[in-house]
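Trainee: I should like to request a close look at a single part of this model, namely the residues that a database record assigns to a binding site. Please set them in the context of the ligand surroundings and of the backbone geometry.

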Amino acid sequence: MASLFSRASRALPYLTGAAVVGAAGTAFYATRRPLLLDSKANEPSKTLNFPSSMLFSKQLTVTNTEQINHDTRRITFQLPGGEGEVSGVPAGAAVLTQHTPKNAWFPVLRPYTPTSDPDERGVLQLVVKQYPNGRASSHMHSLTPGDKLSIRGPIPGYTWIVSKEPPKEARSVLLVAGGAGITPIYSLAKGILSASNEQTRIQLLWGVNGTRDIVLKKELEDLELKYPERLQVTYCVSGPEAKPEAPSFGDEKKWKKGYIDAAVLKEAIARCESGQWGDEKGTKVFLCGPPAMEKAIGGKGGVLAELGVTGKQVHKF
Ligand SMILES: *[C@@H]1O[C@H](CO)[C@@H](O)[C@H](O)[C@H]1NC(C)=O
């Protein structure tokens, strides 16, 4: 049985819907069957189906918005078909939000990975960081209940394959997030942990500037409690709280001062190597963060390369 996950591509949002369909036309794509105990007759339909909902946008209605840290909001939408629908967005995959600013000729499109579950009925949830002068994020932060938002997608992406037979040793993968890059990493982790027949273990490293930048903390803790043998989250705080004279964060295994550097990666890799490191396709590291971080860690001559991880073994969102 193959479970399929998707990845977001940075290049796609700037193409038109038609171009996206053309570009992705050759890519194999399928979505994960929602694991529901319903009979076939009342199986929920999907709001988003590639490629038609990439061409024709869907209108979602905002039901709730909530500020979850100093610059990030969680926005909850109702799917057009209500409880009879699920989003159709596989774990780790992104949708494109679309709005046309006043007096603008062209719409603004941005990829966001939902934090709601792929098989959750009637609901899509996005966690959106506000960037200074960010056109999409400012619009998203201005939304209030009752407002509508156009979305397209899902963007086809990474195909996660669940082994037919359980491997002799449990597989491990390393998930690395920087800042707001946590949303696809969180979604992928949740998808891997909750998929049936899946035993893969996850080392998740998340680099943030300050503890105030952390979101989804409760959600990550819940996953760690639910899958204690399979998920370990390590936070790396690089801002002023990381100064030597600043107080310790307490649990030094879980909370590190400084960037996700060679030492931190080495430790996490050692834990991965205690089993079989890499997924069925040989991908060992999934990386999502700001471009400078992705380059420093996963670029040519980056830290991972120095630690012997080849470019092919790293998947960047
Ligand atoms: C990190 O946080 C500090 C203090 O909150 C802030 O002054 C600084 O600009 C932040 N750096 C980045 C890269 O966001």
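Mentor: What follows is one connected account, beginning with the record and ending with the backbone.

The model is predicted. An unreviewed UniProt entry lists, under "binding site", the residues Arg-110, Pro-111, Tyr-112, Val-127, Lys-129, Ser-137 and Thr-183. Two of the residues on that list can be examined closely here, Pro-111 and Lys-129.

Pro-111 is located in strand 6, which spans residues 108-112. Its environment is buried, because 22 other C-beta atoms lie within 10 Å, and the threshold for that class is 20 or more.

Lys-129 belongs to strand 7, made up of residues 123-129. Lys-129 is likewise classed as buried, because 21 other C-beta atoms are found within 10 Å. Leaving aside residues up to four places away in sequence, Lys-129 is in contact with Asp-71, Thr-72, Ser-137 and Ala-180. Among these partners, Ser-137 also appears in the UniProt list.

The ligand itself has a separate description. Around the ligand one finds Asn-209, Gly-210, Gly-239 and Pro-240. Sorted by class, this shell holds 3 polar residues and 1 nonpolar residue, and no charged residues.

The backbone geometry deserves attention next. Most peptide bonds are trans, and most residues other than glycine have a negative phi. Against that background, two cis bonds may be noted. The bond joining Phe-50 and Pro-51 is cis, with omega of about 5°; Pro-51 sits in the loop between strand 1 (45-46) and helix 2 (52-55). The bond from Gly-153 to Pro-154 is also cis, its omega being near -5°. Pro-154 occupies the loop between strand 8 (148-152) and strand 9 (171-178).

Positive phi values complete the picture. Asn-133, a residue other than glycine, has a positive phi near 60° and lies in the loop that runs between strand 7 and helix 3 (135-142). Strand 7 is also the strand that contains Lys-129. Asn-133 counts as exposed, because it has 7 C-beta neighbours inside 10 Å and the limit for exposure is 12 or fewer.

Leu-216 likewise has a positive phi near 60°. Leu-216 is placed in the loop between strand 10 (201-208) and helix 5 (217-226). In contrast to the exposed Asn-133, Leu-216 counts as buried, because 22 C-beta neighbours fall inside 10 Å.

Conventions:
Residues numbered from 1 in each chain as written. Predicted model: local features only at pLDDT ≥ 70, side-chain atom pairs only at ≥ 80, totals over all residues. Near = placed C-beta within 6 Å. Nonpolar A, V, L, I, M, F, W, Y, C, P; charged D, E, K, R; others polar. UniProt positions renumbered as here; feature names shortened; annotations may be inferred. Helix = DSSP H or I, 4+ residues; strand = E, 2+ residues; numbered from the N terminus. Contact = placed C-beta atoms within 7 Å.
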